[in-house]
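Subject: Structure for your review

Dear colleague,

Please find below the structure that I am handing over to you. I would be grateful if you would read the notes after it with the structure open.

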Amino acid sequence: MQRTVKNHLLTLPLAAVAMLLAVSCASIDCPMDSLVYTQYQLRTASGTVDTLADTLTISTMRTDGNDSVLINKDVNITEFSLPISYAQAQDVFFIETKDSVTKTIWLDTVTVTKEDHPHFESVDCSPTYFHTLTGVSCTRNALDSVVIANPDVDYDTSKKHFYIYFKHRN
């Protein structure tokens with residue numbers, strides 16, 4: 001009888017440790033937001049960071065056919081973030097810049113093509129999508145060009161994915 005009690009006393013701590021390990025492995029912190037964002041930085045022709053004094057509004061068409069304003073009348077910016085879809089091969093953004101002095105409005109379209117890659121944190125979490133940027137094009141009313149600086153889009157918001165160059169105006 002004494003031997004049986006000793007064996008049970010040894011198995012209780014081992015069982016407790018095993019249960020703690022099982023619980024700790026199952027507690028994965030799932031991301032609250034499954035969207036990832038592309039980071040745009042405004043640049044001058046010489047490659048330095050630029051500040052846009054004009055008013056900037058950016059919108060897109062949602063999959064249901066309605067438009068959605070992503071940035072509304074922002075002024076004096078050097079960078080901005082835009083969401084990237086996971087259901088389409090390309091995203092189209094409509095950029096409106098309004099000169100603060102002459103009140104002239106320019107409209108441009110930026111089209112981003114990409115490949116989507118499902119990313120799984122855990123079976124307990126919903127899948128997210130990371131992306132590889134494969135191309136970008138734009139109209140050239142107020143924009144001079146948009147170039148891909150870093151093609152890998154994931155949770156890292158410190159990376160600049162695009163450099164955007166506006167035409168020089170006096």
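The notes below cover the nonpolar core, the aromatic pairs, the salt bridges and the surroundings of one lysine.

Please bear in mind throughout that this is a predicted model.

Nonpolar core

The largest nonpolar core has 26 residues, and those that touch the most other members are Leu56, Ile58, Phe80, Leu143, Ile164 and Phe166. At least two residues of this core come from each of the strands β1 (37–43), β2 (55–61), β4 (79–83), β5 (90–98), β6 (105–119), β7 (128–138), β8 (143–148) and β10. Leucine 56 may serve as an example of a core residue. Neighbours within four places in sequence set aside, the contacts of leucine 56 include Ile71, Ile77, Phe80, Ile95 and Phe166. Polar and charged residues are also in contact with leucine 56, among them Asn72, Lys73, Asp74 and Glu96.

Aromatic pairs and a charge over a ring

The whole structure contains four aromatic pairs. One of them joins tyrosine 40 and phenylalanine 162, which are stacked with 4.6 Å between centres and 15° between planes. Because tyrosine 40 belongs to strand β1 and phenylalanine 162 to strand β10, this pair ties together parts that are 122 residues apart in sequence. Tyrosine 40 and phenylalanine 162 are both buried.

An edge-to-face pair is formed by phenylalanine 130 and tyrosine 155, at 5.1 Å centre to centre and with 90° between the planes. Here strand β7, which holds phenylalanine 130, is tied to the loop between β9 and β10, which holds tyrosine 155; the two parts are 25 residues apart in sequence. Phenylalanine 130 is buried, with a relative accessible area of 18%, whereas tyrosine 155 is partly exposed at 33%.

Ring pairs also link Tyr40, Phe80 and Phe162 into a cluster. In addition, the charged end of arginine 43 sits over the ring of tyrosine 163, at 3.8 Å from the ring centre.

Salt bridges

The count of salt bridges is three. Lysine 160 pairs with glutamate 79, with 3.4 Å between the closest N and O atoms. Since lysine 160 is in the loop between β9 and β10 and glutamate 79 is in strand β4, this bridge ties together parts that are 81 residues apart in sequence. Glutamate 79 is partly exposed, its relative accessible area being 38%.

Aspartate 116 and lysine 114 form another salt bridge, with the closest N and O atoms 2.9 Å apart. In this pair aspartate 116 is partly exposed, at 26% relative accessible area, while lysine 114 is buried, at 6%.

A further bridge joins the side chains of aspartate 154 and lysine 159, at 3.3 Å from N to O. Aspartate 154 counts as partly exposed, with 23% relative accessibility.

Surroundings of lysine 159

Lysine 159 lies in the loop between β9 (152–153) and β10 (162–166). Is this lysine 159 buried or exposed? Lysine 159 is buried, because its relative accessible area is 17% and the cut-off for burial is under 20%. Besides meeting aspartate 154, the side chain of lysine 159 reaches the backbone oxygen of aspartate 152 at 3.0 Å. When neighbours within four places in sequence are left aside, lysine 159 is in contact with Gln39, Asn150, Asp152 and Asp154.

Yours sincerely

Notes: Residues numbered from 1 in each chain as written. Predicted model: local features only at pLDDT ≥ 70, side-chain atom pairs only at ≥ 80, totals over all residues. Heavy atoms only, no water. Helix = DSSP H or I, 4+ residues; strand = E, 2+ residues; numbered from the N terminus. Buried < 20%, exposed > 50% of the residue type's maximum accessible area, 1.4 Å probe, protein only. Polar contact = N/O pair within 3.5 Å; in protein donor to acceptor, adjacent residues only side chain to side chain. Contact = heavy atoms within 4.5 Å. Core = buried A, V, L, I, M, F, W, Y, C linked by side-chain atoms within 4.5 Å. Salt bridge = Lys/Arg side-chain N within 4 Å of Asp/Glu carboxyl O. Phe/Tyr/Trp six-rings, centres within 6.5 Å; stacked < 30°, edge-to-face > 60°. Lys NZ or Arg CZ within 6 Å of the ring centre and 35° of its normal.
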